[in-house]
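I opened this notebook to keep track of what I looked up, entry by entry, starting with a helix and ending with the domains.

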Amino acid sequence: MSERATQLLQIADDELILGWRDSEWTGIAPNLEEDVAFSSIAQNEIGHARALYELAARDLGTTADELAFDRSPDEYRCAGLVEHRFADDWARTIARHWLYEAADAVRLEALKASDDAEVAGLAAKIDREEVYHRMHAEMWADRLRDEPRFREAVDELWPQALALLPEDQRGTLATRLDLPSNSLLQGERGDHSEELTSLWEEMTMVRRSVPGAAW
Amino acid sequence: MVTAAAIWDALAEIPDPEIPVISLVDLGVIRNVDVSQQRVRIEFTPTFLGCPALEVMKGAMEERVRALGGEPEVDVVLDDSWSTDRITPAGREKLRAAGFAPPAAREAAPPKLIQLQSQAFRCPYCGSTDTKLENIFGPTPCRSLRYCTSCRQPFEQFKTI
């Protein structure tokens with residue numbers, strides 16, 4: 001597989017799986033406004049995944065749906081951070097959201113500067129939408145900054161946030177968030193957890209029920 | 001013989017599936033129409049990538065082209081060429097009249113939370129700028145929720161992208 005297709009799939013898988021996890025808050029968020037906000041963010045992340053899969057699918061001679069749903073769990077290239085089920089734990093959810101959006105911003109900046117016009121153009125479009133996700137994450141991080149459960153969750157998840165990025169982008173993220181750049185990585189791409197398998201079982205359940213159907 | 005002008009006229013009659021007061025042409029999502037004999041190629045730029053209406057828009061365009069005797073080919077352009085600045089002046093007025101505050105103009109720097117929290121946004125009902133941010137997100141990814149303290153009416157504000 002080309003380097004470009006690999007890179008697109010990594011980001012698409014991150015966005016799809018995180019979008020799926022975020023959608024688990026629909027109906028159970030701490031208040032109605034958060035139900036609306038988190039559902040909208042989830043929808044947007046899955047939309048970004050769709051666009052990235054479409055670009056990858058053109059290179060790989062397949063379709064976005066096949067890439068999203070017809071691979072086996074061990075073929076997904078997402079990082080460990082996005083796999084955890086945190087629905088019912090708001091502190092961890094916001095810590096992940098804040099860390100992920102910051103890491104995603106670093107990654108998108110690099111993609112926007114890419115020589116590949118298609119990748120750079122799509123990254124620019126995604127980034128304009130992510131601005132609003134970052135605002136939402138910052139607003140919550142400010143609110144929870146002195147909350148011990150939030151601080152602990154940030155420390156716990158930080159080694160996994162670093163693993164989202166290629167090595168040359170990790171220093172930028174650490175500097176921006178004022179967190180240590182030399183933490184030992186956790187949840188690297190390919191080290192899938194059991195949580196991804198159970199998510200996959202549910203996510204692909206309907207599609208697998210009638211293989212090859214035109215929906 | 002189908003003409004580009006006829007296609008543009010037909011596209012101008014397709015309502016946005018989420019906000020039917022405004023058409024796809026008003027929304028500025030049609031970047032180009034190219035007619036070569038029966039073949040009609042439409043370049044279409046998505047608004048928000050997470051918008052659930054994109055497939056519906058594509059299907060509606062194909063249907064209109066077929067009704068005019070053309071063979072549609074809708075190319076989805078996945079780049080940064082659509083902006084809320086592409087909504088036409090007529091489209092902005094239709095949005096406002098329907099109770100949706102049109103988006104602010106795009107600036108060189110990305111929008112900031114402090115701008116959204118400011119009183120720079122006008123209520124589409126009474127025109128007051130005494131409005132506050134309720135939620136960065138709304139019923140679809142493209143809108144925020146605001147509340148007008150002057151006429152005590154919640155309203156939806158288009159995000160700028």
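**Entry 1, a helix checked for length.** I began with α2(A), whose 29 residues should span 42 Å at 1.5 Å a residue; the C-alpha atoms at its ends are 41 Å apart, which agrees. I note that the model is a predicted one, so the distances in these entries are computed from predicted coordinates. Just after α2(A) I found Gly61(A), which takes a positive phi of about 65 degrees.

**Entry 2, the core.** I then asked which residues touch the most other members of the largest nonpolar core. Of its 92 residues, these are Ala12(A), Leu52(A), Ala56(A), Leu99(A), Ala103(A) and Ala161(A). Helix α2 of chain A, residues 32-60, gives the largest share of this core, with 12 residues. I also looked at where the core lies with respect to chain B: domain 1 (4-76) and domain 2 (100-158) of that chain both give residues to this core, so it lies between them. Taking Ala12(A) by itself, and leaving aside residues up to four places away in sequence, I listed its contacts as Ala49(A), Leu52(A), Tyr53(A) and Ala56(A).

**Entry 3, a second helix.** Next I turned to α6 of chain A, residues 148-162, which has 15 residues and reaches 21 Å from its first C-alpha to its last, close to the 21 Å expected at 1.5 Å a residue. Where does α6(A) have a kink? I located a kink of about 35 degrees at Glu156(A), shortly before the proline Pro159(A). Among the buried residues of this helix I recorded Phe150(A), Val154(A), Leu157(A), Trp158(A) and Ala161(A), and the last of these, Ala161(A), is also listed with the core residues that touch the most other members. The buried residues of α6(A) pack against three helices of chain A, namely α4 (90-112), α5 (117-144) and α7 (167-177).

**Entry 4, between the chains.** For the two chains I noted that 18 residues of chain B are in contact with 27 residues of chain A. On the chain B side that touches chain A, the residues divide into 11 nonpolar, three polar and four charged.

**Entry 5, within chain B.** Finally I returned to the division of chain B into domain 1 (4-76) and domain 2 (100-158), whose C-alpha centres lie 29 Å apart. Six residues of domain 1 of chain B are in contact with four residues of domain 2 of chain B, and by class the domain 1 side of this contact has three nonpolar, two polar and one charged residues.

Terms used: Residues are numbered from 1 along each chain as its sequence is written. Chains are lettered from A and ligands numbered from 1 in the order in which they are written. This is a predicted model: local features need pLDDT of at least 70, side-chain atom pairs count only at pLDDT 80 or more; totals for chains, interfaces and linings use all residues. Helices (H or I, at least four residues) and strands (E, at least two) are DSSP runs, numbered from the N terminus. The expected span of a helix is 1.5 Å times one less than its number of residues. The bend at a residue is the angle between axes fitted to the seven residues ending there and the seven starting there. A residue is buried if 20 or more other C-beta atoms lie within 10 Å of its own, exposed if 12 or fewer, and partly exposed in between; C-beta atoms are placed from the backbone. Two residues are in contact if their C-beta atoms, placed from the backbone, lie within 7 Å. Ala, Val, Leu, Ile, Met, Phe, Trp, Tyr, Cys and Pro count as nonpolar, Asp, Glu, Lys and Arg as charged, and the others, Gly among them, as polar. A nonpolar core is a set of buried Ala, Val, Leu, Ile, Met, Phe, Trp, Tyr and Cys residues joined through C-beta atoms within 7 Å. Domain bounds come from an automatic or database domain assignment.
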